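Got the viewer open? Let's go round this one stop by stop, with something to select at each halt.

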Amino acid sequence: MSAVTLTDIVKRFGNFTAVHRMSLEIPQGSFVTLLGPSGCGKTTTLRMIAGLLDPTEGDIAIGGNRMNNLPIHRRNLGIVFQNYALFPHKTVADNVAFGLKYRNVPKDEARRRVAEALELVQLPNLGSRYPKELSGGQQQRVALARAIVIEPDVLLLDEPLSALDANLREDMRVELKNIQQRIGVTTVFVTHDQTEALAMSDLIIVMSDGRVEQLGAPEEVYNTPATEFVARFLGASNIIEGTCTGIEGGELSLDVPDFPKLRVPRARAPHVTGAGPVKLVIRAEKLTVAPRAAAATDGFALDATVETVDYQGQSARYFLRAGRHQLQAINMIDDHLFAAGEEVSVRFRVKDCAALPHEGQ
Amino acid sequence: MGEGRGWGWSVIRAYTVLVYLFMFLPVAVVVLLSFNASQFGAFPMTGFSFRWFQALWENDAIVRAFRTSIALGLMTALVSTTLGVLAALALVRYNVPGRDMITTLLIAPILVPEVVLAVALLLFLNFLNINKSFGLLLMGHVIFTLPFVILVVQARLVSIRKDVEEAAQSLGATPRQTFFAVTLPLLMPAVAAGALFAFTISFDDITGTLFWKPGGVETVPTQIFSMLRNSISPEINALGTVMIVMTVGLPVIGAGIARLLARRRGA
């Protein structure tokens with residue numbers, strides 16, 4: 001049975017519809033990410049699951065029980081907020097023990113569970129400190145301990161890493177995922193950061209303008225985007241207009257101006273149904289920039305000119321012009337950093353090509 | 001140019017000193033003369049003595065007025081703070097229709113001249129055939145201390161993040177438990193400041209009190225006022241000194257305690 005079920009959820013604020021008729025099943029014990037830019041309805045959805053907002057229409061069920069009119073304090077959820085939301089007037093231990101107090105847990109047991117939770121987030125011995133005396137990362141660990149010590153049915157994380165600085169964020173990302181797997185709690189994670197979503201999730205739900213754009217495992221969403229929005233939002237993609245001239249033998253024949261004829265496997269274009277205008281998608285990492293002179297090995301090659309180089313240390317992002325197309329390629333730097341103005345060859349393999357139906361078709 | 005600025009600054013400095021002298025010299029004179037041993041409340045001082053404080057203590061009318069003032073001040077503080085916290089909560093945390101107008105109405109007593117307010121309330125109660133009473137006096141004091149409490153509490157409440165309260169509720173606390181476990185403790189400095197405001201404003205109010213007090217009831221300010229009509233006794237200097245200690249000392253002590261608590265909590 002699914003841990004959280006949303007059925008035809010709609011949320012309107014006055015004339016503005018924040019979430020359009022959304023249905024979703026979140027499997028028990030899974031780590032599910034709501035991913036999208038700000039204003040896409042992901043936080044609104046999370047707050048409806050939490051009971052901090054009431055849906056205008058539709059049903060929310062947790063563990064099979066309808067939750068619609070149940071106030072937040074009776075839902076047994078753990079929530080971690082973006083700005084930690086620790087109680088500044090209570091010690092770390094009292095912060096973590098807060099939820100246990102309202103569950104009538106005996107004092108000895110509460111003390112043991114608080115210690116275990118602080119151990120789990122690697123903050124033993126800090127129980128008597130006040131939140132203000134801790135760093136941002138430590139405060140976020142306390143917030144996590146406070147949310148999981150009550151053994152919630154669902155753990156809700158509202159951009160919990162976005163207030164931390166870059167290095168710390170990456171460490172916390174790994175640790176958060178480890179802790180989630182160890183205790184096996186069903187987790188709904190809200191973020192606008194595609195790297196976090198790809199790294200942590202069992203299931204990603206990409207949202208835009210209050211609608212679900214795509215729902216799938218990280219590799220699925222990354223490799224076979226369902227819409228142009230998904231292709232652009234997850235990583236850097238080259239999106240080129242073309243025409244599908246036909247589907248035969250499990251392959252699509254694509255006709256793209258200035259490109260050689262391509263035959264893209266059906267599996268890389270599951271949303272294209274037949275002949276007509278399509279969009280060819282090639283990830284920036286899958287385009288390889290090579291010297292013009294060197295002979296092409298396998299795959300396809302286009303002549304191009306480097307226009308701009310965005311040097312990033314171990315890798316570089318090249319902005320290229322190939323005929324009428326503006327392309328971008330992200331390559332590891334082996335020995336040669338191409339310079340702006342250089343005449344190069346851009347290579348790609350057909351298995352790295354995906355195709356999308358043309359929107360509005 | 002540097003010279004010109006130096007000259008300008010010394011004028012400003014001297015002027016500032018004069019302003020302060022003008023403001024505080026009369027107060028200093030009252031305090032000084034309250035310790036004068038002489039019969040007359042005037043210079044030169046003939047010696048240092050507590051006899052006027054002694055006389056105050058033995059004057060039944062003054063002791064009674066003092067008790068009335070303290071009781072009135074404490075009750076005003078209690079009622080005003082309770083109502084003020086509730087009003088601020090409603091205005092900040094809930095979507096009350098006509099919020100701006102309600103805020104303006106609640107703050108208005110600060111802007112309306114006290115005499116106008118005093119007469120208005122009196123006429124209104126006259127119209128309703130209600131006699132002057134201690135309850136009415138208390139009501140009047142609550143009306144014009146309430147804006148101070150609301151302003152102070154509102155300012156603090158705005159700075160308490162809503163997600164802290166949401167976190168408490170997600171952990172199982174009902175809205176009421178959340179208020180007592182989280183919101184109120186975080187609000188405490190403002191609540192204490194508001195209560196102190198209410199007490200000191202009530203304690204030294206005279207305009208409204210003169211209009212509203214029932215016959216035979218005197219507060220310290222009205223008592224001083226009626227004593228002045230007969231003679232200028234040095235007792236009044238002593239009473240003035242006590243008033244100054246109460247109305248200046250209490251807030252200072254209060255602020256000190258609040259700062260100490262805040263430091264210990266690291267909040």
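Two strands count as paired if DSSP finds at least two bridges between them. Strands (E, at least two residues) and helices (H or I, at least four residues) are DSSP runs, numbered from the N terminus. The model is a predicted one, in which local features need pLDDT of at least 70 and side-chain atom pairs count only at pLDDT 80 or more, while totals for chains, interfaces and linings use all residues. Residues are numbered from 1 along each chain as its sequence is written, and chains are lettered from A and ligands numbered from 1 in the order in which they are written.

**Stop 1: the antiparallel sheet of chain A**

Select residues 251-255 and 262-265 of chain A. These are β12(A) and β13(A), antiparallel partners joined over 4 bridges. Show side chains for L254(A) and you'll find L262(A) of β13(A) opposite.

Now add the rest of the sheet. In what order do the 5 strands of this open sheet run? Going across, read β13-β12-β11-β14-β20, with antiparallel pairing. At the edges are β13(A) and β20(A), each pairing on one side only. From one strand to the next, the twist averages 45 degrees; that angle runs from 0 to 180 degrees between N-to-C directions, with axes as lines fitted to C-alpha atoms (for helices, over the stretch in contact).

At the other edge, select residues 276-283 and 353-357 of chain A: β14(A) and β20(A) pair in the antiparallel sense over 5 bridges. V281(A) sits opposite A354(A). Is β20(A) mostly covered or mostly open? Mostly covered, with 4 of its 5 residues buried. Buried here is 20 or more other C-beta atoms within 10 Å of a residue's own, exposed is 12 or fewer, and partly exposed is in between, with C-beta atoms placed from the backbone.

**Stop 2: the mixed sheet of chain A**

Next, pick out the open sheet of 6 strands in chain A, ordered β6-β7-β8-β3-β9-β10 with mixed pairing. Why is one side of β6(A) and of β10(A) left without a neighbour in the sheet? Both stand at the edges with a single partner strand each, so one side has nothing beside it in the sheet. The twist here averages 15 degrees from one strand to the next.

For a parallel pair, select residues 31-35 and 186-191 of chain A: β3(A) and β8(A) share 5 bridges. L35(A) is opposite T191(A).

**Stop 3: two positive phi values**

Most residues other than glycine have a negative phi. Zoom in on D209(A), in the loop between β9(A) and β10(A): its phi is near 50 degrees, positive although the residue is not a glycine. D209(A) is partly exposed, with 15 other C-beta atoms within 10 Å.

Then jump to Q122(A), in the loop between α3 and α4 of chain A. Its phi is also positive, about 60 degrees, again in a non-glycine. Q122(A) is exposed, with 12 other C-beta atoms within 10 Å.

**Stop 4: α2(A) and the contact between chains**

Select residues 92-101 of chain A. This is α2(A), where 8 of 10 residues are buried, among them V92(A), N95(A), F98(A) and L100(A). What do they pack against? In chain A, α3 (107-120) and α4 (136-148); in chain B, α7 (162-170).

Keep both chains on screen. The contact takes 20 residues from chain A and 19 from chain B, a contact being two C-beta atoms, placed from the backbone, within 7 Å. On chain A's side, β6 (77-80) and α2 each supply at least two residues. That side has 13 nonpolar, 4 polar and 3 charged residues. Nonpolar means Ala, Val, Leu, Ile, Met, Phe, Trp, Tyr, Cys and Pro, charged means Asp, Glu, Lys and Arg, and polar means the others, Gly among them.

**Stop 5: a helix pair in chain B**

Finish with residues 134-159 and 175-203 of chain B. Helices α6(B) and α8(B) pack at an angle of about 160 degrees, their axes 9 Å apart. They are therefore roughly antiparallel (over 145 degrees counts as that, under 35 as roughly parallel, 65 to 115 as roughly perpendicular, the rest as oblique). Their contact has 13 nonpolar, 4 polar and 1 charged residues. Residues to light up include F148(B) and V152(B) in α6(B), with F197(B) and I201(B) in α8(B).
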